[in-house]
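I opened this notebook to record two topics: the surroundings of the ligand and the arrangement of one sheet. My entries follow in the order of my reading.

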Amino acid sequence: MDMPAPNSEIIAKKAMIAARLRQVLPDRAVIEDPAETRAYECDGLSAYRCPPMLAVLPSTTEEVAEIMKICNEYNVPVVPRGSGTSLAGGALPTADSVILGVARMNGVLETDYDNRIIRVQTGRTNLSVTGAIEEDGFFYAPDPSSQLACAIAGNIAMNSGGAHCLKYGVTSNNLLGVRMVTVAGEIMDIGGAHLDAAGLDLLGVICGSEGQIGVVTEATLRILHKPEGARPVLMGFDSNEVAGQCVSDIIKAGVLPVAIEFMDRPCIRATEAFAGAGYPDCEALLIVEVEGSDAEIQEQLDKILDIARRHNPVELREAQDADQAARIWLGRKSAFGAMGQINDYMCLDGTIPVSELPYVLRRIGELSKEFGLDVGNVFHAGDGNMHPLILYNANKPGDLEKCEAFGAEILKLCVEVGGCLTGEHGVGIEKRDLMNVQFSEADLDAQMKIKDVFDPKWLLNAAKVFPLANSQARRTAA
Amino acid sequence: MSDYNPTTEAEIADIIAQSQGPLAIQGGGTKGVTCPGKTISTQGLTGIVNYEPGALTMIAKAGTPLAEIEAVLDKEGQRLAFEPVDFGQVLGQQSDPTIGGVFAINNSGSRRFQSGAARDFLLGVRFVDGTGQILKNGGRVMKNVTGYDLVKLLCGSWGTLGVLTEVAFKTLPKSETQRSLVLHGLTSEQAVNAMTRCVGSPFEISGAVHLPFDPSGAKTVIRIEGFEGSVAYRVEQLQKLLSDYTQSQLDDAGSVAFWNDIRTLAPLDGHSQAIWKVSVKPTDGPAIMKSAGFTGGFMDWSGGLIWGTAAASTNPRDMGINGHATLIKGPTETISKFHPEAPLVAAYSNKIRQKFDPSGRLNQGLMA
Ligand SMILES: Cc1cc2nc3c(=O)[nH]c(=O)nc-3n(C[C@H](O)[C@H](O)[C@H](O)COP(=O)(O)OP(=O)(O)OC[C@H]3O[C@@H](n4cnc5c(N)ncnc54)[C@H](O)[C@@H]3O)c2cc1C
C-alpha cells in the first residue's frame, strides 16, 4: 500500500509547530513524544502503521478551530480521528501529519424527547449515545458492531451502518445537523433539529466524506423510542440459492424485519467450534429479527415462517424466550472472533444486489480455490452488504499480499454485478486503488471538486479515498 | 414543447456543451418556478430500466412520469414510502410530475418524519453537469459508502448542479391496511403535544397532521399503518395515550382518502396570494402557525412542517425562524423563494455550484 512521501520540511518544523499548538491548547493536549504518538500509529486496519508527527486532543470546538488555523498556516497535513476503529485505514497517519483526536469531546449537549433529538460532541461513543437516553426508553438506531468503542465522529465520517439498518437506515438517515470546523478554522453549523436542509444538502456530503472535508465536532442525531420487544428466528437451508430466494420472498411479502443476517457453511462451522451456539450444520443460515409487541412479533413471524417453510428449510427455530434469542444471536455475534481463532483474517465489505447473491457466493468459492485461501461469508442479507472474511497467515511471507489480491477480486466482482466496493466501512486506503473499477475519471474528479471547495490545499486526510494517481496533482499543488 | 427535447442522455450532454446562455430545466413543469433562458425538457427520457421488487430497488430514466412509476410499483404491492407531495392543485397546473423532478426538489410528504425524505431513498444518480459532462454517483444498492455521497447533494439541488438523467431508488412494501385517529378541537399547542407524544411512543405512526382551520373545527389526525393485527393493537394503545382528548376514527378507506387530500395539499386555498412551507422542530410549530401571519394552512410532520397561505406582503421569515421557510407560490420577484442561508454556508454552497456549473447557466436564479 503506497502512501505519499512525508514532507521533510514540515517534519523539520515539528518543534515550532508543537510550540504554536501549545499556545492555543492546554499543555497535556499536545502530544509529541514518539513513545506516546505511537498510540495513534494505526486504526482497525492494523497491517498498516505510521506514527504521526504530533497528536492533539482538543476539548472544545474553539480549540479545534485554533488548531486548524495553525495547521493551515504552516500547511501541515491533519488526520481527524475518533476512536480509531476504522477497518479501512481511514485514520492512518502520515509521518508529517497531526492527528486531531476528538476523544475528549464526549459530552451530551442537549436531549429533547419532544423533538426526538440528541445533540452530542462527536467524540462520544456510539453506544453511550444510547446509554444517555435508554433509561427514558429511547435509543440511537445505527448500531455498528464496534459500537462500544467507535465514536459518532467516525460514524459520520464513514456513514456507518449496522445490523439494524435494514429498518432504521444508516448514519446519514439519522443525522440532522453538524457543527464542523473547516480547514481555514471557520466554525460552521449545518442543519439542526428540523428535518431537511434549506439549500444544497451539504450534510449529505459531509456524512461519508471520511474526514476529508472538515472536522465534525458536534452532531444532532435523530433518536427513536425503543420497540416493545424483539425476537429472532433462525433458519437453515441446504443451498445458498434457496436462502437468497427466501430473503427476497420475505422482503416482497411486505414484512420489514429489523435485521436479516446470513452465514455460509465455513462460517457456521467456525462459529460452532468457537461458540457452540448449537447451529445446524447446513449450507446457509439466516437469522431474521422482527420487533413490536408480543402479538405484533407473532404476526410477523408467522408470515416469515410460512415463507421459510415453502423453501424446505433443514431447520427452523423460533426463540421462545430471551435466552433462546440470545443463543440464536450468539453465533452471529461471535463470527468474527471465531474466524480470528482459525487465522488472521481480512474483512471485506462490498454490497451486491440481493438477487446476485447465489452467483457471487459461487464465484467467491471458486476464487477461494484459485488463491488457496479459505473464506467465510457473514453479512447483512436484507440489503446485500457482504462481509467475506478471508483467512490468511500474517507470519507467512506473501500471504497478506495474496489475501489482498483475493479481496480485490471479490470487490471487483461486487461492482461487476451492479454493486459497490464498500457498504459501510468506507474506502480509506484499503479500497482507494480500486475506485477506478467503480468510477470513471470524471466521476472521481466530480467528487474531488467537493474536496477542493472545502480544502483547497488538500491538507485533510489527503491520501485517502481517491487513487493516489488521481489526486496527485491536487495534493502536490499547494 | 420546450426549446430542446432530447431523448437520450448523450443528447442532453451535447446540448449543454454546445449551447450558450441560461438553460431552464423542465421535468413535468410542476415545480412552480420559471427560470430564464432556453428550456430543456427531460420528458423524452423515459422508461423503467430495472425493477427488482425482491431487492426493493428501481432504476428509471429521469423523465419517467411519477404516475407510471407508482402504477408499476402498485402492481407489486410496493410504493414510494416518502409519499411525494402533489403540487398540481395548489399551483393550478395540469400536474404531470416526473421522477427526476421529484428527486431534484427532494419532494417528501407526510411520512417523512417516520420513513425518511426523498433524499433518504435515492440510491444513485446519473446527471449531466453545467459543462456537458456525463457523471454518475452512488449505485443501485441500498448500502453504499463508496466515495462521496453526491447523490444527496444532487437531490434537492433543484437542477442547479446538473440535469438528472437517471435515478436509482429504494421502494418499500405498501402497508396491508391503515387507520387514522382523529382528535377534535385541539389548539396548536395541544396538537403538537399530542402528536409528539405519539411519535415518541413505541407505537410507530406514519402520519401526524393538525388542521386548525378545518371547516368542521380543528382536527388532529394520526395515521397508523401495517398488518391488520398490529394496526388494531397500536390504535388501541394510542387511544389510551390520547385518552384526554375527544377522538374518532377513520377506517382504511377513510384514512386513504384523508391522506390523499393531504398529499395534494387540498386543505390549502389555492387562490391565496402566497403559499409557504416552513420547516422547524415540531415544538416551534405552534408559534409559527400563530405568529407568521398565515391566513390558513396546516401542520404536518407532527408540527415540524407548516404549510401556510398568506397575503403577498407576508414574509414569515421576518419573525426569525430556527429552520427555514420556502415560498412555494407567490411574489418571488420581491421575496426570494429559498430561505437565505448563513453567510458561511452560502459561500461554500456557491463554490460547489461554480464547480459543477461554472458559468451559472442551469436554472439560473434558483437557490442563489
Ligand atoms: C470489530 C469491528 C467491527 C466493526 N463493525 C462495523 C459495523 O458493523 N458497521 C460499520 O459501519 N463499521 C464497522 N466497523 C468499522 C468502524 O468501527 C467504523 O468505521 C466507525 O464508524 C469508525 O469510528 P471511529 O470513531 O473509530 O473512527 P476512526 O477510526 O477514528 O476514524 C474513521 C474515519 O473518520 C474520520 N474522522 C474521525 N473523526 C472525525 C471528525 N471529528 N471529523 C471528521 N472526520 C473524522 C477519520 O479521519 C477516518 O477517516 C467495525 C470495526 C471493528 C474494529
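**Entry 1: the shell around the ligand.** I sorted the residues of the shell around the ligand by character and obtained 13 nonpolar, 19 polar and 4 charged. I note that the model is predicted. I then asked which of the 36 residues around the ligand come nearest. They are A:G82, A:G90, A:G154, A:A157 and A:G211.

**Entry 2: where the shell comes from.** I looked up the elements of chain A that give two or more residues to this shell, and found β3 (78–81), α6 (152–158) and β10 (215–222). Of the elements, α6(A) gives the most, with 5 residues. I also checked the domains of chain A: domain 1 (8–101) and domain 2 (108–225) each supply at least three residues to the shell.

**Entry 3: the sheet.** I turned next to an open sheet of 5 strands in chain A, whose order is β5-β6-β10-β8-β9, with antiparallel pairing. Which strands lie at the edges? I found β5 (108–112) and β9 (187–191) of chain A there, each pairing on one side only. On average, neighbouring strands of this sheet are turned by 10 degrees against each other, if direction is ignored. As a general reminder, I wrote down that strands of a sheet pair through backbone hydrogen bonds.

**Entry 4: one pair of strands.** I examined β8 (residues 175–181) of chain A, which runs antiparallel to β10(A) and is joined to it by 6 bridges. For A:L175 I looked up the bridge partner in β10(A), and it is A:L221. I note finally that β10 of chain A appears in both topics, since my list of elements giving two or more residues to the shell includes it, and the strand order of the sheet includes it.

How values were computed: Residues numbered from 1 in each chain as written. Chains lettered and ligands numbered in written order. Predicted model: local features only at pLDDT ≥ 70, side-chain atom pairs only at ≥ 80, totals over all residues. Near = placed C-beta within 6 Å. Helix = DSSP H or I, 4+ residues; strand = E, 2+ residues; numbered from the N terminus. Nonpolar A, V, L, I, M, F, W, Y, C, P; charged D, E, K, R; others polar. Domains from an automatic or database assignment. Pairing = 2+ DSSP bridges. Axes fitted to C-alpha atoms, helices over the stretch in contact; angles between N-to-C directions.
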